[in-house]
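Student: I should like to understand how the terms used for a protein structure are justified. May we work through one example together?

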Amino acid sequence: MAIDPLMPVYPRCDVRPVKGEHCHLVSEDGRRFLDFAAGIAVNILGHSHPGLIGAIQDQAATLMHVSNLYGSPQGERLAQRLVDLTFADTVFFTNSGAEAVEAAIKTARAYHQYSGNSDRHELITFNNAFHGRTMATISASDQEKMHKGFLPLLPGFRYCPFDDLAAAEALIGPQTAGFLVEPIQGEGGIREASQTFMQGLRDLADRHDLLLVLDEVQTGVARTGTFYAHEQYGIAPDILATAKGIGGGFPLGACLATEKAARGMQFGTHGSTYGGNPLAMAAGNAVLDVVANEAFLESVRDKGERLRAGLEQFIGNYPELFEAVRGRGLMLGLKMTAESRPFVVHLRDHHGLLTVSAGDNTMRILPPLVIGDAEIDEFFDKLSAGAASFKASEAA
Ligand SMILES: *Cc1c(COP(=O)(O)O)cnc(C)c1O
């Protein structure tokens, strides 16, 4: 008996991708898959985007990494673009989503502690949230399966039912620093916060000098049809964590904040060796070149509406399998009548279609944002065939 050299924390399936071609993956054994998982909402430009490849190749050949001891023309450019595109005044770059949420949590705590309110260190977070796998980010989630074996948790988080404004208000106390919330829960099952809830959290934050911290790691960077999902609620956060799509497949994340919210983040308070290195900045800038314009965002909304309309019609044929269509833009989910994983596995193994399972019996549909009519048609062909054969196999 020997432990696998790859630490066995993932139950990996036997699809072993070795090549990506636009919206398809090719596995070691030559099988071809339509990729509506996109590396879990990461490969927003698909798998072989010439602009992204070229930017990374050029930057790799010019200058890859220098650390944050030096000035960063590449980072200044990407930070300025994010500031221009969003509510934020300032940006801290990270290498992952969890690090972006960590930076957001530290920024929120520092906001209060810098002003002498050291009691105010608690963030109110929401049931079934997912914020990452570091100690702070698992502590921020009430999901026990992520805690097991890793106790004790970090103090400073209070769990509240998702989308329950009255419960959130009732939890506010002298130790509250703010709210940390996903506008649409991803891992939790494409569960959308209501307009009343998001506006209500914003109002509560304003009334009690609390910070509204949004985790847009999955919803961000055009995924839902606006650059960030909160724009659709007509509200702005004080702090926001972003990652996944922002590097298009290159590991990159960021914590965005207003000047006021970032007042505790001063020289020497936070850092990262790799964070925002020239290679990552080149990837981020190349992604923004494609997605940060109204025409692209509109195309995401159009394709999202087309997919959603098709899905609504499709589920009507299988009421015993599917309950509802969820989500916005190209962050969609099919709520099933039972656990979604067996169907996700069936589509993958028998129909060459990759999707992602999630909580609340929901199958996630997270295609590259550059899909076209051909990929949408192929998706529905595979999905319909998959549902028919799945139902037949269940009946057998
Ligand atoms: C994926 C995800 C994270 C964690 O990102 P990593 O890059 O895996 O650390 C955090 N929050 C949300 C909402 C996510 O979907």
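Tutor: The following dialogue concerns a predicted model, and it takes the ligand and then a sheet.

Student: What makes the approach of D215 to the ligand a polar contact?

Tutor: A polar contact requires a pair of N or O atoms within 3.5 Å. An N or O atom in the side chain of D215 is 2.7 Å from a nitrogen atom of the ligand, so this pair meets the definition.

Student: How do you know that F130 also qualifies?

Tutor: Here a backbone N or O atom of F130 lies 3.2 Å from a nitrogen atom of the ligand. This value is within 3.5 Å, and therefore the pair counts as a polar contact.

Student: How much of the ligand does the protein cover?

Tutor: On its own, the ligand has 390 Å² of accessible area, of which the protein covers 82%. The surrounding residues include S96, H131, E182 and K244; the shell comprises three nonpolar, five polar and three charged residues.

Student: Why are β13 and β14 called paired strands?

Tutor: Pairing requires at least two bridges between two strands. Six bridges join β13 to β14, so the two strands are paired. They run antiparallel, and V325 has L334 in β14 as its bridge partner.

Student: What makes β13 an edge strand?

Tutor: In the open sheet, the order of strands is β13-β14-β17-β16. β13 and β16 are its edge strands, as each pairs on one side only.

Student: Which helix packs on this sheet?

Tutor: Helix α9, residues 294-315, packs on the sheet and touches β13, β14 and β17.

Terms used. Residues are numbered from 1 along each chain as its sequence is written. This is a predicted model: local features need pLDDT of at least 70, side-chain atom pairs count only at pLDDT 80 or more; totals for chains, interfaces and linings use all residues. Side-chain values use heavy atoms; hydrogens and water are left out. Helices (H or I, at least four residues) and strands (E, at least two) are DSSP runs, numbered from the N terminus. Contact means heavy atoms within 4.5 Å. Axes are lines fitted to C-alpha atoms, for helices over the stretch in contact, and angles run from 0 to 180 degrees between N-to-C directions. A residue is near a molecule or strand if one of its heavy atoms lies within 4 Å of it. A polar contact is a pair of N or O atoms within 3.5 Å; within protein, one must be able to donate a hydrogen and the other to accept it, and residues adjacent in sequence count only if both atoms are side-chain atoms. Accessible areas come from the Shrake-Rupley method with a 1.4 Å probe; for residues, only the protein chains shown count as cover. Ala, Val, Leu, Ile, Met, Phe, Trp, Tyr, Cys and Pro count as nonpolar, Asp, Glu, Lys and Arg as charged, and the others, Gly among them, as polar.
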